[in-house]
Amino acid sequence: MRYRGVRAGLIGFAALMVAVGLTGVAKAATKSAALVSDPASVVDARVMSTGGGNDFPGVDMPFGMVQWSPDTSPSRPLGGGYSFNATQFRGFSLTHMAGPGCGAMQDLPILPMTGGLPSGDPGTHMEPFTHTGEVAQAGFYSVMSGAGSNIKTELTATMRSAMARWTFPATSQADLLIKLRDSQNGTSASTVTVVGTNEVHGSATSGHFCGAADTYTVHFDIIFDHPFAANPPIQAGPNSVFLTFNTTANRVVQAKVGISFVSDANAKANWQAENGTGFNFDTVRTNAHNAWNAMLNKIQISGGTTSQQQLFYTSLYHVLQHPNVVSDSNGQYMGFDKAVHTIAAGHAQYDQFSGWDIFHGQTQLSALVAPQQTSDIAQSLLNDAAQGSTHLMPQWGFMNSYNFVMAGDPAQIAIANYFAFGARSFDTATAKTVMVRQATTTNQVRPETALENQFGYIPSNGSYGCCNAHGFLSSQLEYDQADFALSRFLLAAPNPSASDMSTAAAMVNRANNWKNVFNPANKLLNPKLTSGAFVSGITPTSTNQYIEGTAAQYRFVVPFNQPALAALLGGNATTTSMLDSFFTVLDGSNGNDAFLSNEFDLGTPWFYNWTRAASHTQQVVNRMLNQFYHDTPSGFPDNDDLGTMSANFVWGALGFYPVTPGSADLIFNSPLFTQEIIHLPNGATMTVNAPQAGGGNFFVQSLNVNGASTTKNWIAASMWQNGVTLNFTLGSTASSWGSGAADAPPAYNGGGGVPNNLALNHPTTADGSCASTETSDKAVNGSISGGNSDKWCSLGAIGTQFWRVDLGGTHTINQIVIDHAGAGGEQTGWNTRDFNLQVSTDGTNFTTVATVTGNTANVTTHNITPVSARFVRLNIVTPTSNGDGAARIYEVQVFGT
């Protein structure tokens with residue numbers, strides 16, 4: 001996701017490497033067979049912080065709540081807040097985001113200094129800092145600041161708290177300035193209370209991510225191991241708190257700080273639960289270091305250069321920073337309904353889902369390396385749907401709010417990826433219901449559904465009415481990928497029903513709607529009008545209807561049916577030639593060429609594996625890894641987007657990439673390291689040996705899988721997920737390996753029909769309605785997100801309330817889905833408690849096909865033995881579980897043929 005007006009260039013790397021003095025300068029190859037033993041120390045978190053990457057160098061834990069990191073001035077990069085080129089900084093703020101396309105977080109900077117309270121507005125005061133001696137490892141950050149670089153700051157973290165150790169000069173005026181109103185997007189409100197002589201707590205309210213109206217409040221509690229000095233006194237104002245310590249006898253001041261998005265009390269409870277005993281900075285640092293090593297060592301590597309090893313583990317570190325825990329140590333969190341909820345013990349709620357970005361590699365690595373945490377991340381998306389006003393999984397979930405940034409339905413792909421790569425401890429049954437409903441109704445994530453079903457594509461001149469609907473050609477390709485991923489999940493999740501299988505087939509079919517916008521005249525995926533005519537004037541460099549790219553850059557974005565696209569383009573040889581031309585330039589600076597520093601083009605270098613030109617993939621990926629990725633602050637030219645672009649390096653370096661959405665099949669390029677050991681979620685091991693790797697040896701000559709020779713240029717999930725050994729032989733010249741007709745990965749050309757909601761917009765009757773706006777037809781209008789009147793409601797006598805739909809003809813039906821009160825945003829106590837479902841062919845004689853008692857769910861799915869019916873009737877026995885007499889139904893969907 002990019003909102004910056006100017007794309008950072010690929011210049012100045014050499015000069016910056018010399019200036020920085022990071023370990024990326026003049027590396028010699030290290031062909032040692034020894035595995036990296038301490039990857040947390042190999043990490044340099046300043047990499048990708050400057051010049052576009054916008055990552056932050058400070059401390060956090062894997063998926064942690066706190067990200068304590070410096071914010072520089074005057075440059076304050078989006079989300080990350082740190083520019084290596086700056087010489088002034090505004091303080092160490094407690095929250096950050098790694099490389100988003102919009103400003104975010106950077107709440108509550110704390111600035112160390114000496115001397116008295118600065119004149120003027122203290123909230124704008126800056127201090128100098130230096131990179132001399134700066135350390136930015138996993139779990140530890142240290143820097144010198146102040147006049148003469150006389151203050152040393154050291155930071156470390158726990159999951160929901162952090163710790164600082166400041167070494168001041170010997171002075172009676174060692175100061176800390178807490179800026180209450182200095183969030184990156186502004187601070188609309190703040191509170192503060194000074195407690196005793198060594199504690200401060202309060203809050204700051206910010207938000208407005210990418211221009212959205214929503215806000216959040218972050219609470220903090222900080223306690224010191226020194227009392228505040230009596231003179232000068234503590235000075236508190238509307239935007240800052242100024243604290244002074246006497247360090248003439250002891251130069252070291254330590255602090256513990258907890259944060260919460262629920263309350264000040266929870267912020268204190270968080271540091272007490274995780275770091276409540278004493279002030280032992282080194283112990284906390286060691287624990288953070290060990291926690292990161294436990295994660296990073298899930299993928300062990302040997303060989304490569306020191307620079308490549310640092311890039312690999314720094315990239316993997318970035319992958320594991322988001323989404324973030326937002327539930328407190330007591331389980332409380334702020335839900336999408338802006339109410340406090342409590343997560344079950346042993347689990348956590350997560351937020352910050354950069355949806356459009358992370359499904360391109362980050363989600364898969366997260367599940368592979370951290371299956372337990374990632375299972376909770378998947379469940380968090382489902383909790384968002386249950387609690388949010390739209391009852392949808394967010395496109396871009398930021399701080400318990402929808403904002404409809406970007407396009408597509410990426411949460412579908414995220415959940416399918418999580419499951420495919422081993423994160424499976426979440427409510428898969430509810431996931432199916434939520435995902436299918438989101439994919440098959442017209443709603444605020446998919447406002448185009450009805451028209452796509454009608455036309456087989458998303459018309460550029462259609463009327464959509466809400467939710468940032470834009471870039472309709474790109475949006476369609478995003479939805480196509482989401483539909484395909486949903487199909488994989490429905491087939492892979494436990495207990496697939498006949499309905500699941502039917503829906504999966506239909507989703508594959510709809511995923512191939514991209515064929516309907518292929519224009520043979522210009523060989524592009526070309527937007528269309530409702531008339532069926534292609535939008536005229538589209539050329540390879542056109543940007544109209546394409547999000548953050550051109551028509552040429554979207555031409556190959558069909559990551560599940562490459563052979564069909566290749567055939568339309570003129571066959572394998574023609575497509576290979578087009579790809580070669582496309583990858584002449586990789587950074588998007590030429591609209592005719594690839595844009596591999598932006599997410600939508602990720603995976604396209606592996607297209608060659610379907611066109612019998614696997615060596616071209618190996619060459620392009622090697623170029624990409626070496627051109628884009630450098631272990632310097634300006635080591636990447638564009639936003640990291642919450643670890644997505646870092647994930648691209650990790651996959652490329654491993655020698656394969658998860659091209660197909662929702663599938664764990666891996667498509668080969670070639671390994672960067674001589675050995676890689678991946679510890680899989682089930683305890684098995686995937687070992688990759690490539691003893692010739694290094695220098696110009698990136699062409700695959702041969703491959704053995706578990707000792708058997710193969711020329712297949714991909715490996716099925718079933719082959720590697722239970723453990724496997726891959727032995728590559730690499731060389732400096734291209735070979736014919738992987739170019740046989742039978743070597744290509746699977747592709748999915750579709751078949752079946754789009755799930756057909758037989759009840760949609762058909763005639764209805766009922767015993768009555770609560771209001772003139774709550775009539776029976778509202779239950780078949782395809783929407784649940786139109787407010788509390790977007791429903792049928794009845795105040796009839798208990799036991800007589802009913803609703804009926806005429807399907808207009810006899811059909812074979814096999815599933816009925818009902819959205820009750822909670823699905824529409826009302827209280828769950830109003831969900832229909834007891835009811836039955838009946839069917840009829842003549843409207844007179846009805847047969848009961850489902851009986852439900854004691855229901856509390858927002859959505860109920862009723863899989864029934866296929867039966868012929870024209871009429872479906874819902875009889876309500878007990879309308880609610882809390883005694884309210886009104887029956888409330890937001891939507892009834894009837895599926896069949």
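**Exercise 1. Locate threonine 674 in this predicted model, and decide whether threonine 674 counts as buried or exposed.**

Solution. Begin with the chain: threonine 674 sits in the loop between β25 and β26, the latter covering residues 675–679. Next, take the relative accessibility of threonine 674, which is 12%. The cut-off for buried is under 20%, so threonine 674 counts as buried. As a last step, relate threonine 674 to phenylalanine 336, which is 338 residues away along the chain: the C-alpha atoms of the two residues are separated by 46 Å.

**Exercise 2. Work out the order of the strands in the open sheet that contains β25, and name the edge strands.**

Solution. The open sheet has three strands in the order β24-β25-β30, and the pairing is antiparallel. Each of the strands β24 (656–657) and β30 (714–715) pairs on one side only, and these are the edge strands. Looking then at one pairing in detail, β24 and β25 (residues 666–668) are joined in the antiparallel sense by two bridges, and tyrosine 657 has isoleucine 667 in β25 as its bridge partner.

**Exercise 3. Describe the surroundings of strand β5, taking its burial first and then its pairing with β4 and with β6.**

Solution. Strand β5 spans residues 140–145, and five of its six residues are buried, so the strand is largely enclosed by the rest of the structure.

Turn next to β4 (residues 127–137), which pairs with β5 in the antiparallel sense over five bridges; here threonine 130 stands opposite methionine 144 of β5. The hairpin of β4 and β5 has two residues between the strands, and glycine 139 in this hairpin takes a positive phi near 90°.

Then consider β6 (residues 151–157), which runs antiparallel to β5 and is joined to it by five bridges, with glutamate 154 in β6 as the bridge partner of serine 142. β5 and β6 also form a hairpin, with five residues between the strands, and glycine 146 in its turn has a positive phi of about 90°.

**Exercise 4. Find how helix α5 is oriented against helix α18, and which residues make the contact.**

Solution. Helix α5 (residues 306–319) and helix α18 (residues 644–654) pack at an angle of about 130°, and their axes are 8 Å apart. That angle makes α5 oblique to α18, and α5 passes α18 in a left-handed crossing. On the α5 side the contact involves Gln308, Leu311, Phe312, Ser315, Leu316, His318 and Val319, which meet Ser646, Ala647, Phe649, Val650, Ala653 and Leu654 in α18. Sorted by character, these residues divide into nine nonpolar, four polar and no charged.

**Exercise 5. Repeat the analysis for helices α9 and α10, and state how their directions are related.**

Solution. Helix α9 (residues 410–420) packs with helix α10 (residues 428–440) at an angle of about 150°, with the axes 11 Å apart. An angle over 145 degrees counts as roughly antiparallel, which is why α9 is described as roughly antiparallel to α10. The crossing of α9 and α10 is left-handed. From α9 the contact takes Gln412, Ile415 and Phe419, and from α10 it takes Thr428, Met435, Gln438 and Ala439; the residues of this contact comprise four nonpolar, three polar and no charged.

Conventions. Residues numbered from 1 in each chain as written. Predicted model: local features only at pLDDT ≥ 70, side-chain atom pairs only at ≥ 80, totals over all residues. Heavy atoms only, no water. Axes fitted to C-alpha atoms, helices over the stretch in contact; angles between N-to-C directions. Helix = DSSP H or I, 4+ residues; strand = E, 2+ residues; numbered from the N terminus. Parallel < 35°, antiparallel > 145°, perpendicular 65-115°, else oblique. Left-handed = near helix turned anticlockwise from the far one by under 90°. Contact = heavy atoms within 4.5 Å. Nonpolar A, V, L, I, M, F, W, Y, C, P; charged D, E, K, R; others polar. Buried < 20%, exposed > 50% of the residue type's maximum accessible area, 1.4 Å probe, protein only. Pairing = 2+ DSSP bridges.
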